[in-house]
Amino acid sequence: MDKIEVTFTVNEKKVTVKTAPDKPLLDVLREDLLLTGTKQGCRTGECGACTVLLDSKTVNSCLVFAGQMEGREVVTIEGIANGDKLHPLQEALIEEGAVQCGFCIPGIIISAKDLLDKNAEPDEKEIKEALAGNLCRCTGYSKIVKAVQSSAEKIRESADN
Amino acid sequence: MPSVGVNEIKVDAIEKVTGKSKYVDDLHFSGQLHCKVVFSRVARGKIESIDTSEALRIDGVVDVITVDDVPGNNMTHIIYDDYPLFADGEVKFAGQIVAVVLGETPESADMGRDAVSITYEEEKPVLTIQEGIAPGAPLIYSGDNIFKRYRIVKGDFKKAFEEADIIIENEYYTGYQEHAYIETQGMMAVPGHDGSMIVYGAMQCPFYVHDMVSKVLNLPASKVRIVQTVTGGAFGGKEDVPSLVASVAAVAAYKTGRPCKLMLHRNEDIISTSKRHPAWMKYRTAADKEGNILGIDVDFYMDAGAYATLSPVVLWRGTVHALGPYRCENVRVRTYAVATNKVPCGAFRGFGSPQIIFASEAQMDILAEKVGKDPFEIRKQNALNLGEETITGQKLNQSFGLHKVMDEAFEKSGWAEKRPMWGFEHGEGDIRKGIGVSSIFYGVGLGAGGKNMAKAGAFVQIYGDGSLSFAVGTTDMGQGMRTVLSQIASDEMGIPIEEIYCQSTDTSRIPDSGPTVASRATTMSGNAIIDACTQIKERMAVMAARILEAKPDELEFEDGKVFVRRIPDIFILFKDLAKRCAMEKVHMTAQGWFDTPFVSYNEENGQGWAYFVYAYACNVAEITIDLKTGEITVDRITAAHDVGKAINPQLVEGQIEGGSLQGMGYGVMEDILHDEKGRIVNTGLSTYIIPSIIDAPEMVPIIVEEEFPEGPYGAKGFGEQPLMGVAPAIACAVAHATGAHPDRTPMIPERILEWIEKKGG
Ligand code: FES
Ligand code: FES
């Protein structure tokens, strides 16, 4: 297949890549843009490790193709912290001890951030629904749920101040 | 401020939450090639031909590698020497490595893989334990398809059964379990300009990898270096298999002279890598009318798959754990690892014990019912006491938290209130709630089955600025070893954890420290670090004594200072001491070493001091069942674990919660299925279902600390046992809710309905 040129935004930076149109966004991010924080656990939309925000919606980047990317906006795990300042979600996951091997964590953070951006006060059920597509084999999830709850609180508090 | 016992944040957490951690697939070397494996689609047969000509014509395909390209031993050594790295003339399971295509890009390697054409003379595969041991079965291994057998004989089991008031006799089956680590297996082999080879990758046991790579390449071990990359979960699945993956990548790198990356995709990982052994158990229990166990007679068969790999040692652990932590004087246990034409099974959290524990705990539930007692009570009544003997004749004489974990789980689960209120007899419509228990013990470390590997080293170095780095031979695959060992180093030298850096595990830095399995990293490497730190402190103390005008043996290292005991005002800052030592060339590095305490085992009768210490756990599971549909929901798991000492309680809780959920998956949802030709059919995560966050029950982790005097700070290691007792506790709850006793895992709705129906009939 002939290569095409696509231009889109990643973590607020405009990028242009020359690629086969059927190359998964996951590979474009990891191979062409060297953003290896987005992980691959299946390539078939089953694990959620490759979750990114595409135009402010979560998607499995293994199921989105380069040919669909023109003009769109992507946020990956590398775009979550503000310089050295971690996002409250990242802080909470560390504090609650919710990170084990860490392989699922970038995807979990993206899904949880999407939730908190849209719902400042999610209950446990909403948190679980938002993370239903992100498999984690290490933690048993309970510390992840706690971390999302405590970061939601933190974000609300800092918004109040 | 001591660090041990504190919830220090994970030393590698920041890079993990920012996406900076480098797992093997994140490595990139210029000029790298991509490997794509051609797996056998046939479970048993002769290879007639391998035609690579089409593949080699594809743009970007550089080479295709087969058994003919292996420079050294193609027959690999794990425990036996029976597993060919590349299939050599025949295949014994679907998913076996036949060839590897090397491409300039992953896409070209993919196309090349599809273009390789292999023809087989197919033979009928052996797909079950029963087929494997049937007289006249096609031979997969040696004379009888049995890789290994063990037996335990103690007391007079025949007499016990003659004298028993109650005899309970049942058969049990447990299914496969796939590790389903979210990071699939992968390796990057990088050839050196001087004939050396470095392999980076996801692994638990770098020294196994080292050994296999050097033999496969026929390179001196000194020219091989293995580096563990950040590893995305393992659970036993990255114990022996990474040696094979690394060796394949290394052969490719050796032949082409270019860095070669081999990443297995999920479906490839599922068809070709190890799993938990399915098992078939015939379990007889003799008891008196009070419900005291008098004797057991157990036959335990594991489906080992096509090659022995780790099955002999997995079988050994299962054998020793054939009865839970209960008293029993009269024992016969016979165990077998049986060859079949399926993917070789291997290590998985619990290592041969979850299968047999499922059966032995189910027997306890039936015994309780027979004598009209509560399942908790029957377990308490039979539970070993301090000083009593296991079925291998080992006296449990220290760090014995069994009764404490049982009492805690009883209390915190609310057993006394829930058990009488719930159950089949209580409830409306089709919905029933059930509560069930299991109590288990777990031999920590390799035990007598692996005592020659039971040693570990550590390298510790203090720098002139007062910081410390250390390297160990065990690995962190997410469980938090780097953090726990940093805490130990921090307390040993009396400096803050921020001053400590744990190097990545690399076989060029540290002597062979055995595998990271069997919950041994904390005890083994922890003790080796303590040894190294002690040596360095002795040397630094001489200098400090000179400065402080004190005697070296009066000095304490604490709070970033070195001071005279009882006169803490006389001190020097550790940083200043380190600087001074560096200037005056005091030797501030040391190799630490730890040998396992005594263990023994007699293969004739299965008697001996099998493990140096045991960890204990009690699980209570609460479930809801729909009697109409068989649908089961696990609502809550209370898990009390005696860990000796929790160096980092939060990490211990993480192990309990994660292990419990894996145990739940094993109990109620996970299984590998084959078609009639022996090929795995559920090769993805939408068909091999593991628990998602929606399935996750409420967890109540409870830490009990009965210190183990020979462990670092009293810790005894326990990463595996959280999984082991969960399926049995769920089975006990299912029996409570339905009145029918499960005899199989996973306890899926169809089976639950079957059990209910059988009980009714
Ligand atoms: S890699 Fe995309 S969902 Fe698993
Ligand atoms: S932390 Fe390992 S998969 Fe989630």
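Setting aside neighbours within four places in sequence, Asp240(B) is in contact with Ile78(B), Tyr208(B), Ser274(B), Thr309(B), Leu310(B), Gly346(B) and Ala347(B). That is a good place to step into this predicted model. Asp240(B) sits in the loop between β13 (224-228) and α7 (241-256) of chain B. Because 27 C-beta neighbours lie inside 10 Å, Asp240(B) counts as buried. Gln204(B) is 36 residues away from Asp240(B) in sequence, and the two C-alpha atoms are 8.3 Å apart in space.

## Chain B as a whole

Let us zoom out. Chain B contains 20 helices and 28 strands. Its radius of gyration is 27 Å, close to the 27 Å that the globule rule gives for 761 residues, so chain B is as compact as a globular protein of that length. The C-alpha trace of chain B spans about 85 × 75 × 50 Å along its principal axes. Of the 761 residues in chain B, 63% are buried. Among contacts in chain B with a separation of 6 or more, 81% are between residues 24 or more positions apart.

The domain assignment splits chain B into domain 1 (23-123 + 185-263), domain 2 (279-448 + 602-760) and domain 3 (455-595). Taken over C-alpha atoms, the centres of domain 1 and domain 2 of chain B are separated by 37 Å. Where these two domains of chain B touch, 17 residues of domain 1 are in contact with 20 residues of domain 2. On the domain 1 side of that contact there are eight nonpolar, three polar and six charged residues.

## The nonpolar core

In soluble globular proteins, nonpolar side chains tend to be buried together. The largest nonpolar core here has 311 residues, and those touching the most other members are Ala189(B), Val199(B), Ala249(B), Ala250(B), Ala252(B), Ile529(B) and Ile730(B). Helix α15 (residues 521-548) of chain B supplies the largest share of this core, with 13 residues.

Ala249(B) is worth a closer look. Not counting residues up to four places away in sequence, Ala249(B) touches Cys35(B), Met187(B), Met188(B), Ala189(B), Val199(B), Cys260(B), Lys261(B) and Leu262(B).

## A strand with two partners

Strand β15 (residues 279-287) of chain B is mostly covered, with seven of its nine residues buried. β15(B) pairs with two other strands, as the table shows.

| Pair | Residues of the partner strand | Bridges | Direction |
|---|---|---|---|
| β10(B) and β15(B) | 166-174 | nine | antiparallel |
| β15(B) and β16(B) | 293-305 | nine | antiparallel |

Within the pairing with β10(B), Tyr173(B) has Trp280(B) of β15(B) as its bridge partner. On the other side of the story, Ala287(B) has Ile293(B) of β16(B) as its bridge partner. β15(B) and β16(B) form a hairpin with five residues between them, and Gly291(B) in the turn has a positive phi of about 95 degrees.

## Chain A and its two domains

Chain A divides into domain 1 (4-79) and domain 2 (88-160). The C-alpha centres of these two domains of chain A lie 22 Å apart. Their contact takes twelve residues from domain 1 and eleven residues from domain 2 of chain A. Strand β3 (residues 51-54) of chain A gives the largest share of the domain 1 side, three residues. By class, that domain 1 side of chain A has six nonpolar, five polar and one charged residues.

Helix α2 (residues 88-95) of chain A has six of its eight residues buried, so it is largely enclosed by the rest of the structure. Those buried residues are Pro88(A), Leu89(A), Gln90(A), Glu91(A), Ala92(A) and Leu93(A). Their cover includes α3 (105-118) and α5 (142-160) of chain A together with α1 of chain B. Just after α2(A), Gly97(A) takes a positive phi of about 70 degrees.

## Where the chains meet

That cover from α1 of chain B leads to the contact between the chains. In it, 43 residues of chain B are in contact with 40 residues of chain A. On the chain B side, α1 (13-17) and α17 (649-668) each supply at least two residues. α17(B) gives the most to this side, with seven residues. By class, the side of chain B that touches chain A has 17 nonpolar, 18 polar and eight charged residues.

How values were computed: Residues are numbered from 1 along each chain as its sequence is written. Chains are lettered from A and ligands numbered from 1 in the order in which they are written. This is a predicted model: local features need pLDDT of at least 70, side-chain atom pairs count only at pLDDT 80 or more; totals for chains, interfaces and linings use all residues. Two residues are in contact if their C-beta atoms, placed from the backbone, lie within 7 Å. Helices (H or I, at least four residues) and strands (E, at least two) are DSSP runs, numbered from the N terminus. Ala, Val, Leu, Ile, Met, Phe, Trp, Tyr, Cys and Pro count as nonpolar, Asp, Glu, Lys and Arg as charged, and the others, Gly among them, as polar. Domain bounds come from an automatic or database domain assignment. A residue is buried if 20 or more other C-beta atoms lie within 10 Å of its own, exposed if 12 or fewer, and partly exposed in between; C-beta atoms are placed from the backbone. Two strands pair if DSSP finds at least two bridges between them. A nonpolar core is a set of buried Ala, Val, Leu, Ile, Met, Phe, Trp, Tyr and Cys residues joined through C-beta atoms within 7 Å. The radius of gyration is taken over C-alpha atoms; the globule rule is 2.2 Å times the number of residues to the power 0.38.
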